[in-house]
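Reader: Got a minute to walk me through this one? I'd like to ask some questions and hear how you get to each answer.

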Amino acid sequence: MQESQKIDRRLDPVIPDITEWPIYKLSQDKESFLKEVVKATTDKLLNKFKDANSLHGELKSVLYQEKNRLTKEPWKSDKPEERIFWSEIKRKILIVDSIEEEDKKFKEDKKILKEILHFYCLEIVANFEPKKYRVAQKVLPFLFGRLMNVSAGNKKNFFFPASKNIYEKMNITGPIDHIRNLSKKGTVIVVPTHFSNIDSPTIGLIIDIIGLPAMTYGAGINLFTIGILSRWLNDLGAYKLDRRRKNTPYLELLKNYSTIAITRGAHSLFFPGGTRSRSGQIEKKLKLGLLGTALEAQRQNLLNFNEETAKKIFVVPVVLNYHFVMEAASLINQHLAIEGKEQFIAEKDDYSTSYKLLKLILKVITANPGMSISFASPMDVFGNEVDFEGQSINKIGQKVQIKNYFMLGDTMTEDLQRDSVYTSILGERIVEKFLAYNTVLSSHIVSFVAFELIGREFKNLDIYQLLRIPTDEIEIDIEEFKMEVNNIREKIIDLYAEGKLKIHERLKGDTDEIIKHGIKNLGVYHAQMPLEVNNNGNISTQDLKVLYFYHNRLLGYGLEKHFA
Amino acid sequence: MDLKNTSHKFGVIGAGSFGIAIANLLAENGKVLLYTRNEEQRDSINQKHLSRDLKIHENVEATTELKSIAEECFLIFPIIPSDNFVELLDALAPYLNASHILIHGTKGLYTPKKLGKDIQLKKQEVFTMSELIKLKTGVVRVGCLAGPNLASELSELQPAATVIASSFNEVIEIGQQALRSTRFQVYGSNELLGVELAGVLKNYVAIASGMLTGLGYGENARALLITRGMAELIHIAKALGASERAFLGLAGIGDLIATCHSNKSRNFRVGLQLAQGKNLDQIIEDLGEVAEGVKTLIIIRSLQNYGYKAPLAEILYKIVFENFPIHKGIGLLMRFSAEKDAEYIV
């Protein structure tokens with residue numbers, strides 16, 4: 001396995017000519033690509049809905065759900081022509097209703113299905129404009145760099161940031177040369193953790209910094225409401241997902257869109273947790289639907305080519321760490337509302353539109369005291385490690401021919417249930433890597449220890465009762481706090497030595513410094529400080545729920561046992 | 001996939017009584033390659049279709065080469081004692097890859113730690129055989145075979161049934177195709193861990209059942225043992241991450257009834273002879289091989305801080321290893337606070 005590198009400059013692009021990028025080629029071939037997607041989706045759906053009756057029933061159900069969506073959950077992003085489209089579909093379905101003859105009915109229904117899929121495709125499809133990408137390449141680092149400098153109090157350099165600073169602050173580590181090499185040999189799927197809406201621009205920028213070609217990724221359609229951002233995202237290769245739509249044809253189409261984009265060599269980005277982690281904890285359970293498309297694409301590549309020439313798919317987990325997550329308060333409230341049912345009422349997510357998101361991005365980078373981005377070692381779609389050349393190596397050190405995973409006797413077979421088990425194995429491996437490559441920052445330790453100590457103090461309360469304690473009743477003795485921070489720090493360093501997590505350099509230093517730095521950075525933005533040092537010199541909090549959110553970041557390592 | 005139209009052989013590793021029974025069942029549906037370490041046994045099977053006095057189906061060919069099993073068969077049934085399992089996997093691993101399917105029939109647990117008195121085990125230190133296969137080889141598609149399958153009855157061609165469990169439906173389906181016949185029914189289950197644990201844990205209940213017979217007790221006592229024994233097994237299985245489902249099926253209650261009633265069961269015989277006053281070393285020497293139940297007992301007891309109560313295992317352990325008088329043990333069990341009946345069904 002390749003040594004981990006720390007990136008201190010922008011790397012040369014792996015493919016210098018943007019018009020040679022897979023994402024550009026995909027965009028150029030849009031017509032044939034969409035045709036393939038519609039055909040594959042239709043085939044799969046007709047496998048499920050085998051006769052006129054079942055297909056007709058499905059179409060009616062789609063129509064019903066779409067009408068419902070437009071009237072009961074309207075969003076600004078809904079286009080006016082949608083209503084017209086669905087009225088037209090309704091008219092056509094009514095005509096088919098009156099057809100007696102089975103064959104004819106089925107034929108007409110198939111036409112309607114294709115029409116719907118085509119409509120969805122046009123909504124989903126991404127574009128890629130090299131010109132716009134070049135603009136983004138220049139603007140984003142400038143924004144990040146300039147604003148990070150401001151936060152460091154370096155006002156002299158407001159317009160001319162020392163470029164090195166960005167990289168220092170972003171703290172990008174991992175086997176980058178390895179990943180770059182694999183992007184030439186096969187198709188790379190980047191799977192990051194997801195805590196904040198700024199994850200997508202961050203990871204987009206990082207992919208550019210390490211010189212990989214741009215990647216396709218699915219963005220929630222609600223981010224496409226504001227003119228500039230909408231066009232920008234779309235032209236940078238993002239395809240649109242509408243989370244309100246749960247109908248089978250739509251979901252099947254999305255999967256096939258992703259699968260075929262991958263088989264066509266487009267490097268892709270999935271957030272495998274599906275949405276942002278609401279509890280603040282590293283994703284434990286992944287959404288396997290989109291992840292499964294990587295596996296399916298690998299199988300198709302092997303079916304269409306032999307083991308030597310088939311493009312291989314490489315999965316690269318990435319852990320993004322910030323000292324603070326802007327949306328922490330609304331995320332943890334949603335989490336508590338979901339977990340605690342009626343005990344908490346969810347507050348609206350404040351960052352759901354693109355305008356607010358833009359504001360959020362600016363705020364985060366303005367105040368950002370730095371972040372940490374660690375790339376994990378790449379795997380194949382079965383969770384095996386791969387060497388520099390892309391050869392899979394299983395856990396007992398054998399070279400693996402990946403075709404074997406799809407063989408039954410002498411033949412390669414398609415078995416969706418088998419694929420789903422493989423996908424869940426891949427999911428488990430990704431979660432393991434998330435934990436192992438999670439970089440513990442000073443703010444994580446202080447919030448973890450503080451919340452555990454408060455929990456120990458109020459042992460007989462359940463979590464919901466605990467979170468309702470008035471914050472002025474909470475005070476942690478500074479000496480006890482120091483002692484426990486030190487204990488947990490030692491345990492974390494042990495885990496680091498065992499390769500179970502990563503740590504920021506600072507954690508090897510002085511405890512007082514860790515505490516000072518952690519508390520300061522945890523509170524950079526929040527209106528109510530999750531942690532502060534009060535007049536008695538002890539530790540107190542103004543927002544227990546947000547503290548809980550940050551505390552959760554260190555769950556999954558058994559550290560909480562220390563406080564039992 | 002239709003196995004009938006292929007030239008594949010089924011592989012069986014282990015030519016003990018159960019391995020041979022499985023090989024004979026498979027042979028009704030195709031060619032079988034049977035691995036044995038013993039050259040004499042190999043020759044006897046290949047030349048006379050006999051292993052000692054057991055008749056071997058003509059479709060069965062014996063070999064002493066592990067390599068040929070892996071090369072000629074993609075579907076392999078390892079049927080060997082759990083004590084030899086790791087050694088086998090280490091020897092077999094170089095020839096295996098992800099295209100192989102392994103369905104094992106070994107009802108035991110493995111721990112890399114040396115089993116001794118007062119040993120403490122963590123959950124991660126105890127492996128089922130399928131976990132061991134996944135750990136030690138490049139094989140991913142694994143399954144297990146469990147149920148009331150007393151080898152001697154199978155070899156007399158009596159009707160019986162088994163369960164094949166795997167996360168992969170194709171493993172279950174191919175196993176069913178390979179084993180099914182007019183005298184042998186094969187059920188499927190996706191609860192691999194549950195089915196494996198059911199097969200393993202019942203062994204120590206069988207020891208207790210043998211004791212009851214040895215003491216001259218009748219069916220009331222045995223029915224009590226089986227039902228409350230099963231409740232205990234379910235509690236243990238749940239603590240280890242399995243569900244109760246498998247325990248209500250053939251591999252659970254089915255196997256429990258069979259082994260608790262049969263003096264053909266090795267575990268049962270251990271209990272019987274203990275009750276007749278023999279000590280463990282003598283018994284093991286007479287049997288010629290270890291009864292899995294004895295090992296299971298040590299492992300289950302050493303896992304006790306995993307949040308389950310296992311009074312039967314605890315007292316059996318004392319009886320088997322610490323010369324605790326059986327009568328006293330039964331007295332203690334009878335005084336153990338009676339819970340709600342069938343409390344494991346929520």
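Author: Sure. One cut-off before we start: buried means under 20% relative accessible area, exposed means over 50%, and partly exposed is in between. Also keep in mind that this is a predicted model.

Reader: Good. Is Glu102(A) buried, partly exposed or exposed?

Author: Glu102(A) sits in helix H5 of chain A, which covers residues 102–124. Its relative accessibility comes to 43%. That value falls between the two limits, under 20% for buried and over 50% for exposed, so Glu102(A) counts as partly exposed.

Reader: Which residues gather with Glu102(A) in a patch of negative charge?

Author: The patch is on the surface. Glu102(A) is joined there by Asp51(A), Glu101(A) and Asp103(A).

Reader: How far apart are the centres of domain 2 and domain 3 of chain A?

Author: Chain A is divided into three pieces: domain 1 takes 5–21 + 128–215 + 267–378 + 416–434, domain 2 takes 29–124 and domain 3 takes 439–563. Taken over C-alpha atoms, the centres of domain 2 and domain 3 of chain A are separated by 52 Å.

Reader: Over to helix H7 of chain B. How many of its residues are buried?

Author: Helix H7 of chain B runs over residues 169–179. The buried ones are Glu170(B), Val171(B), Ile172(B), Ile174(B), Gly175(B), Gln176(B), Ala178(B) and Leu179(B). The helix is largely enclosed by the rest of the structure, because the buried share of its 11 residues is 8.

Reader: Which residue forms a salt bridge with Glu20(A)?

Author: The structure holds 46 salt bridges over all chains, and Glu20(A) is in one of these pairs. Glu20(A) is partly exposed at 40% relative accessibility. Its partner is partly exposed too, at 41%. The closest N and O atoms are 3.9 Å apart, which fits the limit of within 4 Å, and the partner is Lys25(A).

Reader: And how many residues apart are Glu61(B) and Lys9(B)?

Author: Their side chains meet in a salt bridge, at 3.4 Å from N to O. Glu61(B) is in strand E5 (residues 60–63) of chain B, while Lys9(B) is in the segment before strand E1 (10–13), so the pair links distant parts of the chain. Glu61(B) itself is partly exposed, with a relative accessible area of 37%. Along the chain, Glu61(B) and Lys9(B) are 52 residues apart.

Reader: What about Arg183(B), buried or exposed?

Author: Arg183(B) meets Glu28(B) in a salt bridge of 2.7 Å, N to O. This pair links distant parts of chain B, 155 residues apart: Arg183(B) is in the loop between H7 and strand E12 (184–189), and Glu28(B) in the loop between helix H1 (17–27) and strand E2 (32–35). Glu28(B) is partly exposed at 37% relative accessibility. Arg183(B) has a relative accessible area of 15%, under the 20% limit, so Arg183(B) is buried.

Reader: Which residues are linked with Arg69(A) in a network of salt bridges?

Author: The network takes in acidic and basic side chains of chain A. Arg69(A) is linked there with Glu66(A), Glu82(A), Glu123(A), Asp242(A), Arg244(A) and Arg245(A).

Reader: Now the backbone. What is phi of Leu157(B) near?

Author: Most residues other than glycine have a negative phi. Leu157(B) has a positive value; its place is the loop between helix H6 (151–155) and strand E11 (160–165) of chain B. Leu157(B) is exposed, with a relative accessible area of 52%. Its phi is near 65°.

Reader: And phi of Ala342(B), what is that near?

Author: Ala342(B) lies in the segment after helix H15 (326–335) of chain B. Ala342(B) is partly exposed, at 31% relative accessible area. Its phi is positive in a residue other than glycine, near 50°.

Reader: Last one: how far apart in space are Pro74(A) and Glu283(A)?

Author: Pro74(A) is found in the loop between helix H3 (52–72) and helix H4 (80–97) of chain A. Pro74(A) is partly exposed, with a relative accessible area of 48%. In sequence, Pro74(A) and Glu283(A) are 209 residues apart. C-alpha to C-alpha, the distance in space is 30 Å.

How values were computed. Residues are numbered from 1 along each chain as its sequence is written. Chains are lettered from A and ligands numbered from 1 in the order in which they are written. This is a predicted model: local features need pLDDT of at least 70, side-chain atom pairs count only at pLDDT 80 or more; totals for chains, interfaces and linings use all residues. Side-chain values use heavy atoms; hydrogens and water are left out. Patches are made of residues with over 30% relative accessible area and no salt bridge: like charges are joined within 9 Å, nonpolar side chains (Val, Leu, Ile, Met, Phe, Trp, Tyr) within 5 Å. Accessible areas come from the Shrake-Rupley method with a 1.4 Å probe; for residues, only the protein chains shown count as cover. The place of a charge is taken as NZ of Lys, CZ of Arg, CG of Asp or CD of Glu. Helices (H or I, at least four residues) and strands (E, at least two) are DSSP runs, numbered from the N terminus. Buried means under 20% relative accessible area, exposed over 50%, partly exposed in between (1.4 Å probe, protein chains only). Domain bounds come from an automatic or database domain assignment.
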